[in-house]
Amino acid sequence: MAVVFDKPKALTDVPFHYCPGCTHGIVHRLVAEVIDELGIAGDTVGVASVGCSVFSYNYFDCDMVQAPHGRAPAVATGLKRSLPDNVIFTYQGDGDLAAIGMAETVHAATRGENITVIFINNAIYGMTGGQMAPTSLPGQVTQTTPYGRDTSVAGHPIRVCELLSTLSGTALAQRVTVDSVKNVNIAKKAIKKAFENQINKRGYSIVEVLSTCPTNWGLSPEEALKWLQNNMIPYYPLGVYKDVTAEKEA
Amino acid sequence: MGEKVLMKGNEALAEAAIQAGCRHYFGYPITPQTEIAAYMSKRMPKVGGCFLQAESEVAAINMVLGASSAGVRAMTSSSSPGISLKSEGVSYIAGSDLPALIINVQRGGPGLGGIQPSQSDYWQATKALGHGDFQLFVLAPSTIQEMVDFVSLGYEVGEKYRIPTMILSDGMLGQMMEPVEFPEAKETAQAEKTWATNGHKNKRKKNIINSLYIEPQVLEDLVKERFERYEKIKATEQRAEEYLVDDADIVVVAFGASARVSRNAVNMAREAGIKAGLIRPITLWPFPENTIKKAVSHTKDFLCVEMNMGQMVDDVRLCVEGKSEVSFFGRTGGMIPTPEEVFNEIKKLSEKEAK
Amino acid sequence: MKTCNILLAGFGGQGILFAGKVLAYAGLIDNKQLTWLPSYGPEMRGGTCNCSVVMSDESIGSPLVVTPDVLIAMNLPSLEKFAGKVVKGGTIILDSSIIDKKVERDDVNVFYVDATKLAEENGMEGLSNIILVGKMFKELGFCSEEALFKAIDKCVPARKAEMVEKNKEALRIGMGQ
């Protein structure tokens, strides 16, 4: 019988712990498929960050390092500078990448650190139970913004791809989502490009994936996807913010 | 051994690290350790190594975490306030069973403190450089030669037991010059690091460098296993220098820069007919309990001399167990005790004993 | 010589640390034990600067010179700060072009050297420090003459090779005072 659907080799058999409707699972799969397609599992070292995805060190079937909160870009820098011929990626959430780890993120990007960054933006802290993230939307209710995010008090959300696209060391900054088959395919292409950029020594490549958190948003999986489409995508437009390979071709 | 050269402590230490096979240095500027980074930035490109000025101390220690995970000999250096910033990363490195070399060229504290030499990070280095149950292997050089020799020792012990090493220096040792010899260049055989995350090449199971253990029983077992290693280190790696201790009534206990001053004071005391001696702890953790305990039988008074308000004196009291008197003399804030001051303290103890 | 504690002090930019380094290297070449310890930090930036050099036949304890056997003073604040600390029977060598005060102690040997003026007259501006080192050698002979001149070769950086001869000439001028 022909196999029409299989688990990527770059994923282990450990069952995911993610909540129903959470898009981490889809993104993990896309990363693993790309690793398989490029045949790099034996050369890849992943960096897991603090947050819901911390256990990704159990899921990816490559060598993995777990970084302190926010420090994944620094840990990845240490790995890449020691293993220039290996493929190093970080898998970070919004709190990790854009709050506690913003300095590490900006400086890894501006150094053109030749790494691949998978950035899950679900506008909330998942692991700790639904606090405001740097990317929580204006008015969004979270555990620490119970009356909605008041920008006069809590400030404004950060648009990470826009910000990083201003830096010379950034090779790729692209925002995607995984709410539909079409968008999943676009996301996979972006992730593949982010890995290929590293193999071709182009510098820092980040793929921001707008993601859902049904549990902490207080929505069903289906409602969560709609909330993402109606609220997140308008604030965080999908698209390519910087792509040095496209610039060269143009 | 090669020719004797004059070098600043900071520069000698940096060169020793390169000679010991360190090719990855990550740091951030702070006085009085800047010469280490400056030297590394000059030398690393010439030996095919990596010097990287990080965006913060926090980033620098995590770059060390990454490089150590890859299995290379990595290093960072800083001075007191910067070491506080590194404490998070140090805890993760210890919790991940990674070797790494961390240099603290101490200055006065707390807070921004001052920039003159100090030993006020003894507690931090030996008791709590970060959260959780863990220890560092802590070496306290008191000469520039030891700044050199302790680098390879620190790497070797750290790799053998998979424990981070700290060289606890200070502004005086960092800035001063003294003749120093580098050991003959030799390819130091490094133990194979089968745990390193350097790509499994589809030939072995994946490696994970991790300090997260959600199950309490798993974490307890792991910490207990680590503490068994600590017991082995305590049993085999204690180091101390003894100077005129055998017949001493009064034993000064001092490490690093204050041990240099104390040595002069002990000489002055001997000239004045006082039987004084010096124990100089070289490993601050493990603390050289055996050396102190051995001296208890004939020592009436122990005098701890430190450039702080009295930190190591706690450990000396624990070893002495109330069997002899233990007193303390220190200067802090960047002040360096003079031999005369220490001699006066010895004299006071001697006069008290005579009564 | 058992132990010789030397303190050099002056303004930043007068070559205090360099002069100390020459003394240290001379000791090294003569196989003595020695230490060199600079003052560091903001005081380096145009303020006062000092440098401790200890030379000995035995291993050296504290590298910080508090009570010098020899003081080389190159400005008035340094002289005022340290003249009282010099041991009885010790030596003070000062640049009398810059310091127009006499030392009010009769239990030390004081040598007044018109070092800055001598340097200018001989076309070697900035080498008053080395003239004072030359004078110290003449009075105290703390190392061999060969070692002292070799120390200049060691201390002058390669990119300033043309300064080697000038430094040696400055030593000779100091030794002639």
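In S6(C), C:Tyr112 is the bridge partner of C:Leu94. Strands here are DSSP runs of E with at least two residues, while helices are runs of H or I with at least four, both numbered from the N terminus. Two strands pair if DSSP finds at least two bridges between them; S5(C) and strand S6 (residues 109–113) of chain C do so in the parallel sense, over five bridges. Keep in mind that this is a predicted model, where local features need pLDDT of at least 70, side-chain atom pairs count only at pLDDT 80 or more, and totals for chains, interfaces and linings use all residues. Residues are numbered from 1 along each chain as its sequence is written, and chains are lettered from A and ligands numbered from 1 in the order in which they are written.

Now look at strand S4 (residues 70–73) of chain C: four bridges join it to S5(C), and the two run parallel. Here C:Ile72 sits opposite C:Ile93. Put helix H2 (residues 76–82) of chain C in with S4(C) and S5(C), and you've got a right-handed β-α-β unit. Right-handed means that, with the strands pointing away from you, the path from the first strand over the helix to the second runs clockwise.

So is S5(C) buried or exposed? Five of the five residues in this strand (residues 91–95) are buried, that is, each has 20 or more other C-beta atoms, placed from the backbone, within 10 Å of its own. C:Thr91, C:Ile93 and C:Asp95 are on one side, with C:Ile92 and C:Leu94 on the other.

Over in chain A, strand S5 (residues 170–177) and S7(A) pair in the antiparallel sense over four bridges, with A:Ala173 opposite A:Lys242.

How values were computed: A residue is buried if 20 or more other C-beta atoms lie within 10 Å of its own, exposed if 12 or fewer, and partly exposed in between; C-beta atoms are placed from the backbone.
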